[in-house]
Amino acid sequence: MPLAERGQKELVGPGGILRALVLQDTVPSIILWGPCGSGKTTLARIVAHTTKAHFKEMGATTHGVADVKKAAEDAKNLFHLTRQRTIVFLDEIHRFNKAQQDILLPFVEKGTITLIGATTENPSFRVNSALLSRCRVLILKKLSFYDGMDRMIRRAGRIKWRDIIELAREKMSSTDQQRLSTTLASEQSIDEWADKTLDPGAVKWLVDLSDGDGRSAINTLEMAIQGLSTIILSDTKEGDDSQTKQEPRSILDKLISAKISAETVKTVFQKTHLQYDRQGDEHYNLISALHKSIRGRMLVAGEEPLYIARRMIRLASEDIGLADSSALPLAIATYQACQTIGMPECDVNLAHCVAYMAKAKKSVDVYYAYGLVKATVSEEYAYPVPIHLRNAPTTLMKDLGFGAEYKYPPSYPNGYEVGQEYMPKGLKRRKFMGQFPVMTEEEARDKHRI
């Protein structure tokens, strides 16, 4: 597969810096900084293969200083004998402490090895500055549809389904084996069939739930296919009704009709989804019950006044919100009054707060918008912070463009109209505030008449 089709197009696509270095065979020692599953190890292997260098893969969690020294010695001997360079890939280089990282310095400086370090941590803080100055830092972003993550998922599916086909073939009758050879006669037909087993919705969920982690997406897909293959290879018909006279479906029929749905993917992920579903009656019933019972029953029955005051603080933001921002400080003051003087004196403070809340205008716009935000965060791709809004406490981060072109609002006449984008690319046109459906006055009057 060409470099440009493996994701991280800014590095390996046309005009990408890593692509240019590889094609010129002038790859220096580099640090690959990126999140889990973004392709750091894969890129290192591609670089080694493309440049015909000897590739030595190591991990800071499983190898020590002695292993590094031996790898460097082997690299020196190999170069003297064959003139072949050695690329040492050190995964999770940040796991080495500063003293251990110092061991790499002479080998990198002399060119004994070409070091490719991989880290999920900020190199400015976790990699020795002396070593950092001798390496190029390349940033890998989370994978997405734009990086061809969907193609990567489908490719992984094709590979896994080929294994399942061979297992199924062994359990088929000779007739079904012939049918299989006719139905899936070529590599292309197998690829096309494998792609059809994966619903588009399932691909989207794999991308979104994996949060740009290619390894996680592939592992989840593999588990989904493995689970489905158990049903396919079983002798019994899934959902077989003993009262019916239907014959169990053959392994071939179950194989050809296999489907990986979005629901299957979500089940395999075993992830709790924080769905924003507060439109049911129970939420409003509880708030209504609080308003009604607090007036004459809860305090008299001995309810803890601080519990009621806490509910008032929540209600001030949830049900009243921007319609009357003074409700929140009043609720906090009521809570403090209950703490200070206690019952029975604080009952009038609670009554004061409840009466104000009941008469105040209501707006759940903030509450509803926050629910939409939570749903977006839990169900969708984790959109990266725009680079001009990122903090840049180190020289490396400044050199990488973090915080560049940031416009400081207080420096502008209006203090906020500065023509600056604060949302990630994928959310620029998404609206969260103002989305709660509010009835018109006419609709409200009609509802009241009913």
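**Close-up views of a predicted model**

**View 1. Surroundings of W33 in strand β1.** W33 is buried, with a relative accessible area of 12%, a value that falls under the 20% limit for a buried residue. In this predicted model, W33 belongs to strand β1, which spans residues 30-33. Not counting residues up to four places away in sequence, W33 touches T119, T120, E121, N122 and P123, together with V137, L138, I139 and L140, and also L400 and F402. E92 lies 59 residues from W33 along the chain, and the C-alpha atoms of these two residues are separated by 9.7 Å.

**View 2. The largest nonpolar core and a second, separate core.** The largest nonpolar core comprises 37 residues, and those with the most contacts inside it are I153, W161, I232, L255 and I260. Two or more residues are given to this core by each of α9 (149-171), α11 (187-196), α12 (200-209), α13 (214-233), α14 (251-256) and α15 (262-269). When its neighbours within four places in sequence are left aside, I232 is in contact with W161, I251, K254, L255 and A258. A second core, separate from this one, has 27 residues, among them M58, A75, F107 and C135. In soluble globular proteins, nonpolar side chains tend to be buried together.

**View 3. Packing of helix α9 on helix α13.** The axes of α9 and α13 are 10 Å apart, and the two helices pack at an angle of about 25°. Because angles under 35 degrees count as roughly parallel, α9 is described as roughly parallel to α13. The crossing in which α9 passes α13 is right-handed. On the α9 side the contact is made by M149, M152, I153, A156, G157, K160, W161, I164, L167, A168 and K171, and on the α13 side by G214, A217, I218, L221, E222, I225, Q226, L228, S229, I232 and L233. Sorted by class, this contact of α9 with α13 has 15 nonpolar, four polar and three charged residues.

**View 4. Packing of helix α18 on helix α19.** Helix α18 (residues 327-341) and helix α19 (residues 347-359) have axes that come within 9 Å and cross at roughly 165°. Since angles over 145 degrees count as roughly antiparallel, α18 is roughly antiparallel to α19. Their crossing is left-handed. A327, L330, A331, T334, A337, C338 and I341 of α18 make the contact with N349, L350, H352, C353, Y356 and M357 of α19. By class, the contact of α18 with α19 has 10 nonpolar and three polar residues, with no charged residues.

Conventions: Residues are numbered from 1 along each chain as its sequence is written. This is a predicted model: local features need pLDDT of at least 70, side-chain atom pairs count only at pLDDT 80 or more; totals for chains, interfaces and linings use all residues. Side-chain values use heavy atoms; hydrogens and water are left out. A nonpolar core is a set of buried Ala, Val, Leu, Ile, Met, Phe, Trp, Tyr and Cys residues joined through side-chain atoms within 4.5 Å. Buried means under 20% relative accessible area, exposed over 50%, partly exposed in between (1.4 Å probe, protein chains only). Helices (H or I, at least four residues) and strands (E, at least two) are DSSP runs, numbered from the N terminus. Contact means heavy atoms within 4.5 Å. Axes are lines fitted to C-alpha atoms, for helices over the stretch in contact, and angles run from 0 to 180 degrees between N-to-C directions. Angles under 35 degrees count as roughly parallel, over 145 as roughly antiparallel, 65 to 115 as roughly perpendicular and the rest as oblique. A crossing is left-handed if the near helix is turned anticlockwise from the far one by less than a right angle, and right-handed if clockwise. Ala, Val, Leu, Ile, Met, Phe, Trp, Tyr, Cys and Pro count as nonpolar, Asp, Glu, Lys and Arg as charged, and the others, Gly among them, as polar.
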